[in-house]
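The following report describes selected features of a single model, from its strands to its helices and cysteines.

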Amino acid sequence: MVEDQCLGRPRVAVSSCLLGARVRHNGNHSRARYLTDELAPFVDWVPICPEMEIGLGTPRESLRLERSPSGPRLMTRNTGRDLTPAMTGLAAERSAGLDVDGYVFKAKSPSCGIHGIPLYDGETMVTRQNRGLFADAVIESHPLLPVEDEGRLRDAVLREAFTERIFAHARLRELLRSDWRPRDLVAFQSRHKMQLLAHSTEGYRETGRLVAEAGTRPREELAGVYGTAFRTAMAVKASVGRNVNVLQHCLGMLGDELDPVRRADLAEVIASYQERRVALSVPLALLRHHARGEAATYVQNQTYFLPYPDELGLRNHVV
């Protein structure tokens, strides 16, 4: 059953201050309630504060990025101490050993920010197009890792997309680290087909092609290329159009046992979602209900219907 497929717990790295640790430069925290109150029961956190790890105490002098011929430098704001070597060394060490399914960074941090970090030339801000020094190194080392900051996670669409990806990565990690056999990879792909299709038609086809090589291609080699193809597909943003395509596929799979009235009702609800009048949760709930009633096992077992625990309630927004 699909309800049993979300039991794996994602491992998620997170800036420590977002969990309530008082490690910010001013001695405070930046507790993010979606992380601590809603997501925490379903994930295993890996807290990281790079500024504390390079030996800075709290409270401490604030930092900023400064322009230089060799690239951005991480400097203390008042005393001009260059922390770049220490931070880049830590980032390289942490990146090499990072074993997580996602990362939530602290927004606006010159160490951990992932968007819009100011770069200074003297006292003049010259751009806001930078990432924090530590975050940049992690992202460059793990380009397919789901990453967000707590500010962007306040947006319902971005929150749902990030959460979906970390649970998909966790299921993949658990599969590939098990003593899997070709049949296990085939079953994994079968359960994820509709979810993949909602993200990337090309990725859906590529992962299917790779699974067809299970049993003939070397096991470790196949695990590597399949893992990359799966993560690449999941990194593509799901769209209303592709969701409609998947919903119609699933409606067709319910078979002739679904009477014409209920079939017409489902088609109407799918059209309402396409016209952005109802949330995705509405056609999904109806399809799940009818899949149970009609014993449509294939539809019922698709991770597309339950990509993360239902308690998170992330598909209730109208896009």
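Two strands are said to pair if DSSP finds at least two bridges between them. Helices (H or I, at least four residues) and strands (E, at least two) are DSSP runs, numbered from the N terminus. This is a predicted model, in which local features need pLDDT of at least 70 and side-chain atom pairs count only at pLDDT 80 or more, while totals for chains, interfaces and linings use all residues. Residues are numbered from 1 along each chain as its sequence is written, and side-chain values use heavy atoms, with hydrogens and water left out.

**Sheets**

An open sheet with mixed pairing has its 4 strands in the order β4-β3-β6-β7. Because β4 (73-76) and β7 (124-130) each have a single partner strand, they stand at the edges, and one side of each lacks a neighbour in the sheet. Direction ignored, neighbouring strands here are turned by 45° against each other on average; axes are lines fitted to C-alpha atoms, for helices over the stretch in contact, and angles run from 0 to 180 degrees between N-to-C directions.

Another open sheet of 4 strands follows the order β2-β1-β5-β8, with parallel pairing. Its edge strands, β2 (44-48) and β8 (147-149), each pair on one side only. From one strand to the next, the twist averages 25°. Helix α4 (residues 133-141) packs on this sheet and touches β2, β5 and β8, its direction making about 165° with that of β5; contact means heavy atoms within 4.5 Å.

Two strand pairs are set out below.

| Strand pair | Sense | Bridges | Bridge partners |
|---|---|---|---|
| β6 (117-121) and β7 | antiparallel | 4 bridges | Y120 and M125 |
| β5 (102-105) and β8 | parallel | 3 bridges | Y103 and V147 |

**Helix α6**

Helix α6 (residues 182-199) has 18 residues and should span 26 Å, the expected span being 1.5 Å times one less than the number of residues. Its end C-alpha atoms lie 24 Å apart, which agrees. A kink of about 55° is centred on K193, the bend being the angle between axes fitted to the seven residues ending there and the seven starting there.

Buried residues (under 20% relative accessible area; exposed is over 50%, partly exposed in between; 1.4 Å probe, protein chains only) of α6 include L185, F188, H192 and M194. Their cover includes α5 (156-176), α7 (201-211), α8 (219-235) and α9 (240-253).

**Cysteines**

With a disulfide taken as a pair of cysteine sulfur atoms within 2.5 Å, the count is 0. The sulfur of C49 is 6.6 Å from the closest cysteine sulfur, in C17, and therefore too far for a bond. C112 is likewise in no disulfide, the nearest cysteine sulfur, that of C49, being 6.7 Å away. C49 is buried at a relative accessible area of 12%, and C112 is buried at 5%.
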